[in-house]
Amino acid sequence: MVKEDLIFFNEVRNNSVGFLHDNTKYSLKDNLKWFIGTNPKFFIVEDNGEPIGYFRTSKWVENTLYVGMDIHPKYRGIGYAKKSYNLFFKYLKKEYSVEEVFLEVLNTNKRAIHIYNKLGFTIIDLLPHNNKELSIKMKLKL
């Protein structure tokens with residue numbers, strides 16, 4: 001992801017807050033400050049040159065990292081997530097020698113949990129998140 005992707009990123013992120021651990025809606029100005037200050041390793045997902053979502057990565061330690069994906073609302077529910085994750089995992093393995101990926105998903109995000117199970121993730125921990133939800137920690141060996 002580059003600075004020019006921030007308008008798209010901001011729109012998708014703010015339309016995904018119901019699925020995220022941090023449900024704060026941020027302004028474009030907030031996200032620009034965050035982007036410049038942290039230089040995150042995020043990756044835009046495209047279909048025929050059109051952005052449809054992005055991958056979030058964090059906690060890069062040796063050959064492991066945390067990953068998550070947010071998809072624009074008009075592209076949800078039509079099969080992009082599983083296909084994109086599979087391609088992204090191949091890319092991470094080839095370009096960065098990643099051997100294992102982790103993620104955390106809210107227990108209320110049934111659609112994402114279903115996809116992660118289909119991808120082969122296994123549950124390794126349940127963590128309290130708030131009074132209503134748990135955070136499910138999962139891992140996948142690539």
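Contact here means heavy atoms within 4.5 Å, and angles between axes run from 0 to 180 degrees between N-to-C directions. With these terms in hand, the placement of the helices on the sheet of this predicted model can be described. Helix α1 lies across β1, β2 and β3 and runs at about 80° to β2. Helix α4 lies across β4 and β6, with an angle of about 155° to β4.

The sheet itself is a good place to continue. It is open and built from 6 strands in the order β1-β2-β3-β4-β6-β5, with mixed pairing. Strands β1 and β5 (122-128) form the edges, each pairing on one side only. Direction ignored, neighbouring strands of this sheet are turned by 30° against each other on average. As a reminder, strands of a sheet pair through backbone hydrogen bonds, either parallel or antiparallel.

Walking along the sheet from the β1 edge, β1 and β2 run antiparallel and are joined by 6 bridges. Aspartate 47 is found opposite glutamate 50 of β2. The two strands form a hairpin with 2 residues between them, and asparagine 48 in that turn has a positive phi of about 50°. The next pair, β2 and β3, is also antiparallel and is held by 7 bridges, one partnership being that of phenylalanine 55 with methionine 69 in β3. Again a hairpin with 2 residues between the strands makes the link, here with glutamate 62 in the turn at a positive phi of about 50°.

Further across, β4 pairs with β6 (residues 134-141) in the antiparallel sense over 7 bridges. Within this pairing, glutamate 104 has lysine 137 of β6 as its bridge partner. Strand β6 is in turn joined to β5 by 6 bridges, and these two strands run antiparallel. Threonine 122 stands opposite lysine 139 in β6, and a hairpin of 5 residues connects β5 to β6.

Aromatic side chains add another layer to the picture, with 19 aromatic pairs in the structure. One of them is formed by phenylalanine 9 and phenylalanine 42, whose rings meet edge-to-face at 5.9 Å centre to centre, with 65° between the planes. Because phenylalanine 9 belongs to helix α1 and phenylalanine 42 to strand β1, this pair ties together parts that lie 33 residues apart in sequence. Helix α1 thus appears here again, having already been placed across β1, β2 and β3.

Attention now turns to the pockets. The largest pocket holds about 1100 Å³ of space. Its lining comprises 42 residues, and those closest to the centre are Leu20, Arg56, Gly68, Met69 and Asp70. Met69 has also been met above, as the bridge partner of phenylalanine 55. At least two lining residues come from each of α1 (6-14), α2 (28-38), β2 (50-61), β3 (64-71), α3 (80-96), β4 (100-106) and α4 (110-119). By character, the lining of the largest pocket divides into 22 nonpolar, 10 polar and 10 charged residues.

The second largest pocket contains about 230 Å³ of space. It is lined by 13 residues, with Val45, Glu46, Phe55, Ser84 and Leu87 nearest its centre. Phe55, again, is the residue bridged to methionine 69, and Met69 is among the residues closest to the centre of the largest pocket. Strand β1 (42-47), strand β2 and helix α3 each supply at least two residues of this second lining. The largest share, 6 residues, comes from α3. In the lining of the second largest pocket, 9 residues are nonpolar, 1 is polar and 3 are charged.

Methods
Residues numbered from 1 in each chain as written. Predicted model: local features only at pLDDT ≥ 70, side-chain atom pairs only at ≥ 80, totals over all residues. Heavy atoms only, no water. 1 Å grid on protein atoms, 1.4 Å probe; cavity = no way out; pocket = protein on both sides within 12 Å on 5 of 7 lines; lining within 4 Å. Points joined across faces, edges and corners; volume = space filled by probe spheres on them. Helix = DSSP H or I, 4+ residues; strand = E, 2+ residues; numbered from the N terminus. Nonpolar A, V, L, I, M, F, W, Y, C, P; charged D, E, K, R; others polar. Pairing = 2+ DSSP bridges. Phe/Tyr/Trp six-rings, centres within 6.5 Å; stacked < 30°, edge-to-face > 60°.
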